[in-house]
Amino acid sequence: MKLATLKNGTRDGKLVVVSNDLTRCTDASFLASTLQAALDDWARVAPHLAALAESLNHGSVPAERFHEHDAMSPLPRAYQWADGSAYVNHVELVRKARGAEMPASFWEDPLMYQGGSDTFLGPRDPIRMADEAYGIDMEGEVAVIVDDVPMGATREQAQAAIRLVMLVNDVSLRGLIPAELGKGFGFFQSKPSSAFSPVAVTPEELGAAWDGGKLSLPLSVDLNGKPFGRAEAGVDMTFDFPTLIAHAAKTRALGAGTVIGSGTVSNKLDGGPGKPVSEGGVGYSCIAEIRMIETIADGAPKTPFMKFGDTVRIEMKDKSGHSIFGAVEQTVEKYENGKAA
């Protein structure tokens, strides 16, 4: 089934079930007022949501047109957002870009940071920043939402806890990252609010593309209407989602509704760092990677980070070309004096 949260004037929105083709939705708030409420009581509520989804897809319940612009992130705020770096190729490239070597242990032990989860952006909300000099970058990723996970969970327990899958734009401010990490205390200002896809889907909706730990489909990232990335999400993923979840739960239990991100989807090419889509490669899911490639090739980057007015679109389609999660589509806007300029 596919679930979404519609704007209704409240912080947490209204839970709806969405048709498989993303054209229609029906109110599910009589079963659970919000997605978090459904996750808190998943064993009881999920079968009723699934039955409602089946009725919707058969046209046997009242429905309205589903507009992605009316959607908030499936969880407009979450108790926890932990983002991994499952694609170690990405880690290697961005560390090179800031002159940092990558320890060999990064291939064996996942990187993960705890991001801000109190104000997720909607999938069509603008990215508002005060200064282009922050180095505004998109990061196209896959994410999962889990049920309760016990501390010290095994990989099998972690896999069994995955309830929903979605996409994310994990906005990064590259100009702020080096100085912030140089303090030795991790990301904060350099990682503003993330945005998630209009719908979150249960793993069974993904069919053969989901193997229980990885989603094997290309992630489309467009910048200003032009193909920027088509990286395969199931390729070069060093750490799958059960591994990431178990890593996060090593010393703490994870509460229902915790969101775990894959990190930027990134592919190598013939053992090398990849090529742009325009040159026959699968491109990149963030600007930092192509800048590193340019630096390797030409001694300096030439692709700028996002400017005011730039638009990024992140989407994933099934083998038939149908959008699975809807699209994250965001335009960068100037923010000053507490409001958009």
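Student: Which residues form one aromatic cluster here?

Tutor: In this predicted model, the residues W81, F120 and F196 form one aromatic cluster. By the rule used here, the structure has 5 aromatic pairs.

Student: How should I read the geometry of an aromatic pair?

Tutor: Two quantities describe a pair of aromatic rings, namely the distance of the centres and the angle of the planes. For W81 and F120 the separation is 6.4 Å centre to centre, with 85 degrees between the planes, and the pair is edge-to-face. The rings of W81 and F196 have centres 5.4 Å apart and planes at 85 degrees, and because planes over 60 degrees apart count as edge-to-face, this pair is given that label too.

Student: Where do W81 and F120 lie along the chain, and how many residues apart are they?

Tutor: W81 belongs to strand β6, whereas F120 is in the loop between β7 (112-115) and β8 (127-129), so their contact ties together parts that are 39 residues apart in sequence. The pair of W81 and F196 also links distant parts of the chain, with W81 in strand β6 and F196 in strand β13, 115 residues apart.

Student: Is W81 buried or exposed?

Tutor: W81 is buried, at a relative accessible area of 1%. F120 counts as buried at 9% relative accessibility, and F196 counts as buried at 1%.

Student: Turning to charged side chains, how many salt bridges does the structure hold?

Tutor: There are 14 salt bridges in the structure. One of them joins D12 and R77, whose closest N and O atoms are 2.8 Å apart. D12 sits in the loop between β1 (2-6) and β2 (14-18), and R77 in the loop between β5 (71-72) and β6 (81-84), so this salt bridge ties together parts that are 65 residues apart in sequence. Both ends are partly exposed, D12 with a relative accessible area of 24% and R77 with one of 35%.

Student: Which elements hold R313 and E329?

Tutor: The side chains of R313 and E329 meet in a salt bridge at 2.3 Å, N to O. R313 lies in strand β18 (residues 311-316) and E329 in strand β19 (residues 328-336), so the two strands are tied together by a pair 16 residues apart in sequence. R313 counts as partly exposed at 26% relative accessibility, and E329 counts as partly exposed at 28%.

Student: Are D170 and K191 buried or exposed?

Tutor: Both D170 and K191 are buried. They form a salt bridge whose closest N and O atoms are 3.0 Å apart. The pair links distant parts of the chain, since D170 is found in the loop between β11 (162-169) and β12 (172-173), while K191 is in the loop between α5 (177-182) and β13 (195-196), 21 residues apart.

Student: Which residues are linked with D170 and K191 in a network of salt bridges?

Tutor: The network of salt bridges links D137, E139 and R174 with D170 and K191.

Student: Over which ring does the charged end of K191 sit?

Tutor: The charged end of K191 sits over the ring of F187, at 5.1 Å from the ring centre. K191 therefore has two roles to note when reading the model, as a member of the salt-bridge network and as the charge placed over an aromatic ring, within the 6 Å limit that the assignment needs.

Notes: Residues numbered from 1 in each chain as written. Predicted model: local features only at pLDDT ≥ 70, side-chain atom pairs only at ≥ 80, totals over all residues. Heavy atoms only, no water. Salt bridge = Lys/Arg side-chain N within 4 Å of Asp/Glu carboxyl O. Helix = DSSP H or I, 4+ residues; strand = E, 2+ residues; numbered from the N terminus. Buried < 20%, exposed > 50% of the residue type's maximum accessible area, 1.4 Å probe, protein only. Phe/Tyr/Trp six-rings, centres within 6.5 Å; stacked < 30°, edge-to-face > 60°. Lys NZ or Arg CZ within 6 Å of the ring centre and 35° of its normal.
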